[in-house]
Amino acid sequence: MKSPSFYTYLLFRLLATLGVATAGVFCLSKALYYTAFFCGLLVLVLLLELFSHIKSYFSFYDKTITAILNNDFSSNFGASEKHSGYANLVKLYDVLKDRRHEKETQDIIYRSILNSMESAAIILYQNNNEWEVFFINDYFKRYFEVPSVTRWKYMEKHLPALFNLVENRGFQDIRTSVQIKTPDGESQAFMFQSARSVTFGKVYYTILLDSIQNVVAKREKDAWINLMKVISHELMNSVTPIRSLSQNLDELVQQPQLSTEDIADIRQSVGTMIQRSNHLQNFIDSYRKLAMLPSPEKKPVNLTLLIAQALKLMQPVFKEKDITIINNVKGDMTVMADELQIEQLFINLLTNSLYATEQTIEKEIIISSAEKNDRLFITISDSGHGIDKEIEDKIFLPFFTTRKQGSGIGLTLSKNIIEGHGGYLSYNGTENRTQFTICFIK
């Protein structure tokens, strides 16, 4: 802890004091009283100066350590202190000061992130069997009009539904929905997530609340934005060349006479306009299929027979492409569904698998089924290379396709069909497999 210079100073002072004291005793033994008295005074001065130096030395240590314990890092040491016997203490102070500043910077960043979230967040910590508020973000306070409380028990008055849910579950990990009455008097549904954690012996409890209404509204908005981008892109791809060719034709017909080259240009322009018009018409027809999907006319449908029927319809194409079909669906699987729509659903997914296996050597499509908890699962998997992770979240978007000749509505239409029946369609793929699962509610 102490540097060698301090011990050296202490040793010399002690030796000097001991030497003067010895001389005083010797003088006293020789009856040299005045000299002995002077040596005694000198010993006293040396002892007082030594005491003052030791006190000053340890006072600096005490002051610096007290500052560290109180998180006071406002001191700036001079060069003499950094290179004296306090060098290690000053170095420790500077290291802790840098770490303190780094921690404060991280806290500011974390708080800024939490306060910028569009989710209500509150973090609690346990203190002597009492739960106190460690952090509450701005969105939570603003959305629920809750003041900056310090005790969790005060939340019972402002948000009783939230308080009772957490208390009844014993501050355990929870993932559920909860109805909470907002300040405007309306009762809204929220997705509730909580997690309990222990750090350095202290228990923390984090709560996140997301308004289901806001989440749905945001997703609908994002979906509309993506749809408008696709529609604008498709329209501009057709309208721009048609407008340009129309202007060119207008200039040609203004001429008094038309040459053979002019007539050839007119024919080519008209042909291109017809081609782009047909493309635009196909796009509009595809959009109409999605936008005007009728409500399903449900009746008992045997899925086993329906799958066999869809495979029979596509058998010539599978044979031409040399694709092996393995149908493991057996037994009587009857659900209430619209037969034509579900048949279209199977054909869409089988067609998707057909194109997915184009670049593979072993072309294989497997259809299997499972039943669990009043749910019926039909899985269609193929030996395709799967879908890139970067575009997995876009495959169900309208008109999104990776094929040059694809319309981009097959998966979207399939998803809409099964959701119209109260089920869902999910994707789960790997590098060597593409797999779609259809869930029917029995």
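In which loop does Glu 186 lie? Glu 186 sits in the loop that links strand S3 (174-181) and strand S4 (187-199). The model is predicted. The points below cover an open five-stranded sheet, the helices H10 and H11 that lie against this sheet, the packing of H2 with H4, and the surroundings of Ser 211 and Glu 186.

**The sheet**

- Five strands make up an open sheet with mixed pairing, and their order is S7-S9-S10-S12-S11.
- At the edges are strand S7 (324-327) and strand S11 (424-427), each of which pairs on one side only.
- The average turn between neighbouring strands of this sheet is 15°, direction ignored.
- S7 and strand S9 (residues 364-372) run parallel and are joined by four bridges.
- Ile 325 has Ile 365 of S9 standing opposite.
- Strands of a sheet pair through backbone hydrogen bonds, in either a parallel or an antiparallel manner.

**Helices against the sheet**

- Helix H10 (residues 303-320) lies across four strands: S7, S9, strand S10 (375-382) and strand S12 (434-441).
- The direction of H10 is at about 175° to that of S7.
- Helix H11 (residues 339-356) also packs on the sheet, where S9, S10, S11 and S12 are touched.
- The direction of H11 makes about 25° with that of S10.

**Packing of H2 with H4**

- Helix H2 (residues 33-69) packs with helix H4 (residues 87-116) at an angle of about 10°, and the two axes are 11 Å apart.
- Angles under 35 degrees count as roughly parallel, so H2 and H4 are roughly parallel to each other.
- On the H2 side the contact involves Phe 60, Tyr 61, Thr 64, Ile 65, Ala 67 and Ile 68.
- These residues meet Leu 89, Val 90, Tyr 93 and Leu 96 of H4.
- Sorted by class, the contact of H2 with H4 holds nine nonpolar residues, one polar residue and no charged residues.

**Two individual residues**

- Ser 211 belongs to strand S5 (residues 202-211).
- Ser 211 has a relative accessible area of 5% and is therefore buried, the limit for buried being under 20%.
- Leaving out residues up to four places away in sequence, Ser 211 touches Tyr 143, Gln 188, Ala 189 and Phe 190.
- Glu 186, in the loop between S3 and S4, counts as partly exposed because its relative accessibility is 47%.
- With residues up to four places away in sequence again not counted, Glu 186 touches Ile 180 and Lys 181.

Definitions and conventions
Residues numbered from 1 in each chain as written. Predicted model: local features only at pLDDT ≥ 70, side-chain atom pairs only at ≥ 80, totals over all residues. Heavy atoms only, no water. Pairing = 2+ DSSP bridges. Helix = DSSP H or I, 4+ residues; strand = E, 2+ residues; numbered from the N terminus. Axes fitted to C-alpha atoms, helices over the stretch in contact; angles between N-to-C directions. Contact = heavy atoms within 4.5 Å. Buried < 20%, exposed > 50% of the residue type's maximum accessible area, 1.4 Å probe, protein only. Parallel < 35°, antiparallel > 145°, perpendicular 65-115°, else oblique. Nonpolar A, V, L, I, M, F, W, Y, C, P; charged D, E, K, R; others polar.
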